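User: Please take one close look and describe what you find in plain terms. I am in my first year, so give the cut-offs as you go.

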Amino acid sequence: MDRAKEEKVQTEKERQICSAMEECGLGADAAAQAVLALAETGLLEDMEAFCRLEKGMTNRLFHFCCRGREYLIRVPGEGSEKLLDRKQEAMVYRALAGKDITDRYLYINPDSGIKITEYLSDAHTCNVEDMEEVRRCIRHLCHFHQMRLDGEAEFDVYRKLSDYERECGHDITQSFPDYAQTKEDVLRLRGFIEAAPAEKCLCHVDPVADNFLIGPEKISLIDWEYASVADPHMDIAMFCIYAEYDKAQVDRVIGFYFQDGCPWEVRRKIYCYIAVCGLLWTVWCEIKKDSGVHFDAYEKIQYRYAKDYYGYAAEMRE
């Protein structure tokens, strides 16, 4: 291919990328960073069928083909720079390399947050209505926790709640008039959490069902952008609230994780985590509103978890 024709092809591909990103509200800077990542990995020249996938609350995900293979490129969404430390994420991926826990990445940039991975066409995400799939995923999560990996950053859910409140550019009581009382109730649960047994290790923090890819031979837990050192029992709570489970389903998930039975004080601690994490993701949604992104139904569900599980935890006795 002569130089003029090659430059024309590159320009057309760049236009395709820009168009796909504009459709989901991303600007020219994000498109330029994506083009640079594709060029650095040698994928830009032969890239085909670049399109957006309708998944992800924190990021924008795009699918494309190149030389007979399928790939995904992740581009950070609106306001994510207020919520995430991409350098920490890159370190976590390096720590997980070769441990058969997650997918393999081709490219990750800790400054731009762009990540490129090969698309696993023979895998599907966990179906939260299929409890056998859920059991397998929870066992995979438990296996990861049992590795007791370490990390540099720590995720203290109460400190993170305060951080998120500071990042929010408006009064949360505009959405939830009783927010102050709900927060006061949730803060009371901290004593229960600190009194229960815990052994901190590297945790995923965002184990939504869509982050479990079930393949023919193995399960991969993907998207480690929130991962930090924390109490692994918090990951159990996170999975349940993302799945929008009721209390009976929550207790079943706890049973999958604790195959020999869950001590009552640990179960109460998980209920406490459901309450505080529900409040945390409520504030996360409020921060997203500042960028014009709304998750109204999801936010109301998370706020309901904060209120309901405060009650369950506060009333629980041995």
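Analyst: **A pocket, and the helix α8**

About 400 Å³ of space lies in the second largest pocket (an open set of 1 Å grid points over the protein atoms alone, for a 1.4 Å probe, with protein on both sides within 12 Å along at least five of seven lines; lining residues have an atom within 4 Å of a point; the volume is that of probe spheres on points joined across faces, edges and corners). The model is predicted, with pLDDT of at least 70 needed for local features and 80 or more for side-chain atom pairs, while totals for chains, interfaces and linings use all residues. Numbering starts from 1 along each chain, and side-chain values use heavy atoms, without hydrogens or water.

The pocket is lined by 21 residues, and those closest to its centre are Thr 102, Asp 103, Arg 104, Lys 218 and Ser 220. The lining divides into 9 nonpolar, 4 polar and 8 charged residues.

Helix α8 covers residues 232-243, and its axis comes within 10 Å of that of helix α4, residues 131-146, crossing at roughly 155°. The two are therefore roughly antiparallel (over 145 degrees). On the α8 side, Pro 232, Asp 235 and Phe 239 meet Val 134, Ile 138, Leu 141 and His 145 of α4 (heavy atoms within 4.5 Å). This contact has 5 nonpolar residues, 1 polar and 1 charged.

Helix α10, residues 264-290, has an axis within 8 Å of that of α8, and they cross at roughly 55°. α8 and α10 are therefore oblique to each other. Residues of α8 in this contact include His 233, Met 234 and Tyr 242, and those of α10 include Lys 269, Gly 278 and Trp 281. Here the division is 12 nonpolar, 2 polar and 1 charged.

Notes:
Axes are lines fitted to C-alpha atoms, for helices over the stretch in contact, and angles run from 0 to 180 degrees between N-to-C directions. Helices (H or I, at least four residues) and strands (E, at least two) are DSSP runs, numbered from the N terminus. Angles under 35 degrees count as roughly parallel, over 145 as roughly antiparallel, 65 to 115 as roughly perpendicular and the rest as oblique. Ala, Val, Leu, Ile, Met, Phe, Trp, Tyr, Cys and Pro count as nonpolar, Asp, Glu, Lys and Arg as charged, and the others, Gly among them, as polar.
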